[in-house]
Each structure stands twice: as C-alpha cells, then as structure tokens.
Amino acid sequence: MDGLLRPILKENQMDIACWNCKTGIKLDKAAVEAALAQMDASKVGFHDAHCASCGKSNRATRDVFTAGLEAFAKAAKAADEPALTRRGAARKTKAENARRRGEAVGKGAKKGRR
Ligand SMILES: [Zn+2]
C-alpha cells in the first residue's frame with residue numbers, strides 16, 4: 001500500500017512526480033483538500049492528478065493525500081510555533097521581570113532603607 005507516488009512536500013506544496021514525464025505536479029493545501037473532498041463525494045479511494053506538462057493522469061491513493069494534508073498541518077504548526085513561543089515567552093518574561101522587580105523593590109524598600 002506504500003504508494004507508487006510519493007509526495008514530496010516543500011514550500012507548502014505537495015509535489016507528485018508524474019509517472020510519465022517526471023514533471024512535478026504541484027498541489028497546494030486547497031488542492032489536496034479538494035481532492036479529498038472529491039474522494040469523499042464519489043466514495044473512491046484514489047484521485048487522478050493531471051500532469052500539467054503531458055496531460056497524463058496520475059492516480060494517487062487517498063493515503064497520499066491524507067499524508068500530504070498531515071504534512072501541511074505539521075509544516076504550518078512548525079512555522080507557527082517558534083514565533084508564537086518566542087512572542088509569548090518575551091511577553092511573559094517582561095511581565096515577570098516587572099513583577100519581580102516590583103516585589104524586590106517593595107521588599108527591599110520595606111526591609112532595609114539606607
Ligand atoms: Zn507528465
């Protein structure tokens with residue numbers, strides 16, 4: 001079941017190499033979702049992706065598309081996370097620092113005045 005077609009995901013596009021001319025058939029997330037929706041509607045377990053170069057249809061199993069969609073989700077998460085974490089961490093550190101400074105100053109002021 002490990003497909004004839006191995007999708008390569010790069011730059012948010014699933015790339016299927018055409019069996020006939022080896023041209024990459026590029027599918028973005030929307031195209032993958034559309035293919036899955038089409039398979040759901042027609043209740044078939046494969047989708048024919050047409051090569052833009054030679055016009056041959058490349059039959060890919062549903063697995064290829066679900067794997068592609070998962071890869072999209074993973075890529076989106078990976079792209080999102082560092083920025084979010086960094087921003088969140090910076091905000092947290094800033095707030096914590098302010099609080100710590102405030103507390104330290106407060107305590108210090110109470111305890112030992114020079
Ligand atoms: Zn082709």
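In which strand does Asp 48 lie? Asp 48 lies in strand E4, and the tour will come back to this residue after a walk along the chain.

**Before selecting anything**

Residues are numbered from 1 along each chain as its sequence is written. The model is predicted, so local features are described where pLDDT is at least 70 and side-chain atom pairs count at pLDDT 80 or more, while totals for chains, interfaces and linings use all residues. Here pLDDT is the predictor's confidence in each residue, on a scale from 0 to 100. Colour the chain by this value: the average is 82, and 74% of the residues score at least 70. Confidence is lowest in strand E1 (residues 8–10), with a mean of 66, and highest in H1, with 96.

**The whole chain**

Switch to a cartoon view, in which the chain shows two helices and five strands, in the order β-β-β-α-β-β-α from the N terminus. Helices (H or I, at least four residues) and strands (E, at least two) are taken as DSSP runs and numbered from the N terminus. Of the 114 residues, 14% count as buried, a residue being buried if 20 or more other C-beta atoms lie within 10 Å of its own, exposed if 12 or fewer, and partly exposed in between, with C-beta atoms placed from the backbone. Two residues are in contact if their C-beta atoms, also placed from the backbone, lie within 7 Å; among contacts with a separation of 6 or more, 55% are between residues 24 or more positions apart.

**First stop: E2 and E3**

Select residues 13–17, strand E2, together with residues 24–28, strand E3: these run antiparallel and are joined by five bridges, where two strands pair if DSSP finds at least two bridges between them. E2 and E3 form a hairpin with six residues between them, and Lys 22, in the loop between E2 and E3, has a positive phi near 70° although this residue is not a glycine. Lys 22 is exposed, because 10 other C-beta atoms lie within 10 Å.

Now show the side chains of E3, where Ile 25 and Leu 27 point to one face and are buried, whereas Gly 24, Lys 26 and Asp 28 point to the other and are not. In a regular strand the side chains alternate between the two faces of the sheet.

Centre the view on Ile 25, which counts as buried because it has 22 C-beta neighbours inside 10 Å. Ile 16 stands opposite Ile 25, and the contacts of Ile 25, leaving out residues up to four places away in sequence, are Ile 16, Cys 18, Ala 49, Cys 51, Ala 52 and Asn 58. For Leu 27, counted without neighbours within four places, the contacts are Gln 13, Met 14, Ile 16, Val 32 and Ala 49.

**Second stop: H1 and the loop after it**

Select residues 29–42, helix H1, and compare the end C-alpha atoms: they are 20 Å apart, which agrees with the 20 Å that 14 residues should span at 1.5 Å a residue, the expected span being 1.5 Å times one less than the number of residues. Lys 43 follows H1 and lies in the loop between H1 and strand E4; its phi is positive, about 55°, although Lys 43 is not a glycine. Lys 43 is exposed, because 6 other C-beta atoms lie within 10 Å.

**Third stop: E4 and E5**

Select residues 46–50, strand E4, and residues 57–61, strand E5, which pair in the antiparallel sense over five bridges. E4 and E5 form a hairpin with six residues between them, and Gly 55 in the turn has a positive phi of about 80°. Along E4, His 47 and Ala 49 point to one face and are buried, while Phe 46, Asp 48 and His 50 point to the other and are not. The bridge partner of Ala 49 in E5 is Asn 58.

Return to Asp 48, which counts as exposed because it has 12 C-beta neighbours inside 10 Å. Apart from neighbours within four places in sequence, Asp 48 is in contact with Ser 57, Asn 58 and Arg 59; Arg 59 is eleven residues away in sequence and 4.3 Å away in space, C-alpha to C-alpha.

**Last stop: the core**

Finally, select Met 14, Ile 16, Cys 18, Ile 25, Leu 27, Val 32, Ala 35, Ala 49, Ala 60, Val 64, Phe 65 and Phe 72, the twelve residues of the largest nonpolar core. E2, E3, H1 and helix H2 (62–111) each supply at least two residues of this core, and the largest share, three residues, comes from H2. A nonpolar core is a set of buried Ala, Val, Leu, Ile, Met, Phe, Trp, Tyr and Cys residues joined through C-beta atoms within 7 Å.
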